[in-house]
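Dear colleague,

I am passing on the structure below, and I would be glad if you kept it open beside this message while you read.

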Amino acid sequence: MKIRLSYPFLAWSIRDIFRQPLVAILLFLSLASLVALLGTVLLLSQSLAGTAERILKDAPSIVIRKVGAGGWAPLPARESIRIAKSVPGVIGARTRIWGTASGPEGPVTVYGVDQPLKTAGLPENLPSISAGQAIVGPGVMANAEADRIILTGIKSLAVKVTAVLDSRSSMVIHDGVLLHPDDARNILGIASGYATDLILEVFHESEAEALLPDLTQAFPWPVRLITRREAAGMYSAGLARRSGLTYMMLVPALLALAFIVVGAFRNQSARRYEVGLYKALGWTTTDIFRLQLLKALFGGIPAVVCGLAVAYGLVRWPGVSWPGYLLLGWQKHAPVLHLDATGASWVLIEIAVLVFLPYLAATLWPAIEAATTDPQDLLEKEFI
Amino acid sequence: MIPSPGQADRLGICNGIGIFILIAAILVAGMVFGDALLRSYPHQDVRVQLVRTFGFNRLTLVPSGRARRLADAPNQALDWRYDPRLVRIPPGMADLILTPPD
């Protein structure tokens, strides 16, 4: 039976790759794992920062905390609100009651909820919280059927769990417990009429920075102010860069890339005699360039695409939790992440170009050089 | 044994493999980039609503009370919940680490 070759150069290049199957497999694995590693680190950093920025776009403009010689101190709720509202530019002020306490499986963050949840505009049908009741985040209890938990701060309190928040809320309130304000104060040791901190809204984002000196002067006690931009900026500044993760991964990754490039270059240089043979058989320089280009593309593109797909899946798969265990310090019940992929395409393209271009250059350069050399010289060097 | 001309280098099979690899790579790349460009984020609404309702200004990416949860952690200062400036102020110095009674 006669086999029809629709693309002879394609077939020849694939055949040429398969002449050294072990080298081809190792090259594929090296390139794919390098791209996957780099892609995962950079994509995670970019996605996490982007997602945090979007989630926190409606966060309070300014958070005010009272500080003293011993660190944080509760602030008087009514007086604080009055003072804050007296500063021109502040259009809204309310207090928050929150802090850490020991939960059933480790520390949790308790929040006193001082408004009916039905008016909160939440999409889920959450019950209102009465004294002695709690709504818990998805990471508070391993046993989802337990209906009571004991929270221990300055004081201990047993509360009845009336609802568990969906895992989709994990990035915001994973190990949080929503309580009646009196219960939260009780656990945290905050006196009635006092709150943990004060949150303010201003009309325009840029006003927040300008108002900081006025707010600092308005309060009769030392305060610490955190703007929305500052809080969100922590994430947008780059999780990976701050933690050194990127550099930690980039240095060995670039070294690996250098090894791959050198290996491809040497492999191609060692096979210069083949170019001499092709030319002796009548192949033109264009034919040889086309063959080498196809070999490089078919060796590299599937590996790069495979690496990108692995990286993208690791970061963007809905509900991934491995970053919590590996990078964020969780030992059990890490939060599940639903990360935003806006801008991910550019990161993927950058990684593909960063890895593929040096490899392509290292593969093509010796072949082009050999193709412009006298074939007799190439054959003599190999066989004589 | 001398292979027949069609079998000599299995060029037909190589041709098929090449086209298959090319199509598979294009499909996978298309799926990845298509998802990155077109996919919507239905879960984000819940989180934004929670932030708006309760006035959160941090995410729960790291455990609450990290210093107590990870007593043997090498870097106790790494706690984003309590200070936006990483690795500068230990959480105990920042605020809101309430020690439970023994």
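Contact here means heavy atoms within 4.5 Å, and with that in mind we can begin at one residue of this predicted model. Asp35(B), which belongs to helix α1 of chain B, residues 11-38, has Tyr312(A), Arg316(A) and Gly30(B) as its contacts once the neighbours within four places in sequence are set aside. With Tyr312(A), moreover, Asp35(B) shares a polar contact between side chains, at 2.4 Å.

Turning to the helix as a whole, α1(B) has 28 residues, which at 1.5 Å a residue should span 40 Å, and because its end C-alpha atoms lie 39 Å apart, the expectation and the model agree. Asp35(B) is one of the buried residues of this helix, and among the others are Leu11(B), Cys14(B), Ala25(B) and Val32(B). The cover over these buried residues includes three helices of chain A, namely α1 (8-18), α11 (285-316) and α13 (344-371).

Finally, there is the largest pocket, whose volume is about 750 Å³. Its lining draws two or more residues from each of α1, α2 (21-55), α9 (245-270), α11 and α13 of chain A, and likewise from α1 of chain B. Of these, α2(A) gives the most, with eight residues. The lining comprises 35 residues, and those that lie nearest the centre of the pocket are Ile17(A), Ala24(A), Leu27(A), Phe28(A) and Gly299(A). Sorted by class, the lining has 25 nonpolar residues, seven polar ones and three charged ones.

With best wishes

Terms used. Residues numbered from 1 in each chain as written. Chains lettered and ligands numbered in written order. Predicted model: local features only at pLDDT ≥ 70, side-chain atom pairs only at ≥ 80, totals over all residues. Heavy atoms only, no water. Helix = DSSP H or I, 4+ residues; strand = E, 2+ residues; numbered from the N terminus. Polar contact = N/O pair within 3.5 Å; in protein donor to acceptor, adjacent residues only side chain to side chain. Expected span 1.5 Å × (residues − 1). Buried < 20%, exposed > 50% of the residue type's maximum accessible area, 1.4 Å probe, protein only. 1 Å grid on protein atoms, 1.4 Å probe; cavity = no way out; pocket = protein on both sides within 12 Å on 5 of 7 lines; lining within 4 Å. Points joined across faces, edges and corners; volume = space filled by probe spheres on them. Nonpolar A, V, L, I, M, F, W, Y, C, P; charged D, E, K, R; others polar.
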